[in-house]
Amino acid sequence: MSGRISQRGDASFEGSLTPNEKILRDVHQLYVDEENGLINIARTFGIELLAPRKKITVLLIGNHSAGKSSFINWYIEEHILKTGVAIETQGFTFVTSGRKRESLQGKASLHLNPYFKPLQEMPGVIENLSTEVSTSRNKKFTLVNFLDTPGLTDGDMKYDFDVDKAILWLGKIADLIFVFFDPIGQALCKRTLNLVEDLSETRPERMRFYLSKADEAGPESDRQKVLIQIAQELCKRPSLNKAGFEMPTIYVPGPNTKSTRCVNQIEDVCKDIEKTINLTVQNTLDQLERDCDVIVEQVEKKLSQDMVVRSRNSKASFRAYMLWSLALIPVVMWASCLLDSVLPQETIASVIPEQYYAMIVKFYLTPTRQMIAAVFSDYNMLAASSGACFLLLLIGAFIGRSKPTLRRKQTKDLNNKRQFVLENVKPNKDKYYQFYLKQCVSYQDI
């Protein structure tokens, strides 16, 4: 009975997935599969692949009380994070979607988010890392991971860890970086501006700037002054002084905000997240094709190298056999003369006709016996001949050394891997692209 309920629940969950969720999940599984995953296949060639993530990561930074937690609560439509004028977020909070509402602390968060494991090297960060799992499926939350950061302040405020270093590292793995400036006097926080400048040097295309709580800025004239002040302060920093700078005004809608005339562009934030998700799906499918090509290229390279080694071994063996043959010619000549003197004439005559045997004696056996007699009568010549034969044997042994080649089982395994990637993995790119494009164009246009 419980099995039926579980299967029914899995089928229901499967049916609730969006096309983008299915694509990112399935592609991720193609990488991490224990038996035939691309990561395990690539590892046999010394290549370390990274499985594409199933969700995008949005990092939110800003001074305290800038509205970061409030925005997350609004986006998922659930009051999951504390909000207020006081400093409520003193650590890093990872907000993700799941099947059950859960809160994780410390190392438990690393098991859910293995990408964060390098944070263990930063003292105090793991103790201040938590995860909030929400069952919300509002907007695009099922494809988004939010990372709420501590509110930044100047002055004597101390943290239990190097907050700047941690945020800079998280900025490297984030797909989007939202910088919230509030209009209540903290927007020009020096620590926030320094972090924004450092992040913009490495990830400028991922950064988005917003004037949060714009409805609290007072009249439109005051709001424009705040925007100008922030823009002026940012333009003083070379890495932030760029053309096309934008800072939309946003605020969380509520019962007290209906009377304000401030333009709320918070829906544009949602569109930006959705655009990044779509771009991530496209990049993931392209990455799948590239990684497949890398693996196939490595297989073909290894098989090609094996063919070159085998060809080289064959040529080396041929040269070695030629040298060994030259070294053994004196021995063969001596053995043939010895055999002629040992065997009775009747036996020889029964095998070789008399006229042919007479020619062999005249042109081969007689000169050979004279040569052998001359060599054995002169010890210097004997030593030189023996040394030359021995040297030829040594040179043949040196030249004939063979390099290791793939065994038949290894060659078959490589061919099977190449065939699996080409026939079972790579074609998924086109299949998933068609599935993805069906969301925006008609079937006839694909």
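Colleague: What is the relative accessible area of E220, and how should such a value be read?

Modeller: A residue is called buried under 20% relative accessible area, exposed over 50%, and partly exposed in between (1.4 Å probe, protein chains only). E220 has a relative accessible area of 41%, which means that E220 is partly exposed. Please note that this is a predicted model, in which local features need pLDDT of at least 70 and side-chain atom pairs count only at pLDDT 80 or more, while totals for chains, interfaces and linings use all residues. Residues are numbered from 1 along each chain as its sequence is written, and side-chain values use heavy atoms, without hydrogens and water.

Colleague: In which helix is E220 found?

Modeller: Helices are DSSP runs (H or I, at least four residues), as are strands (E, at least two), numbered from the N terminus. E220 belongs to helix α8.

Colleague: What span should α8 have?

Modeller: The expected span is 1.5 Å times one less than the number of residues. For the 16 residues of α8 (residues 220-235) this gives 22 Å, and the end C-alpha atoms are indeed 22 Å apart.

Colleague: Which residues of α8 are buried?

Modeller: They are R223, V226, L227, I230 and L234. These residues lie on the same side of α8, because they cover an arc of only 95 degrees around the axis; the arc is that of the directions from the helix axis to the C-beta atoms. Among the elements covering them are β6 (176-181), α7 (190-202) and β7 (207-211); contact means heavy atoms within 4.5 Å.
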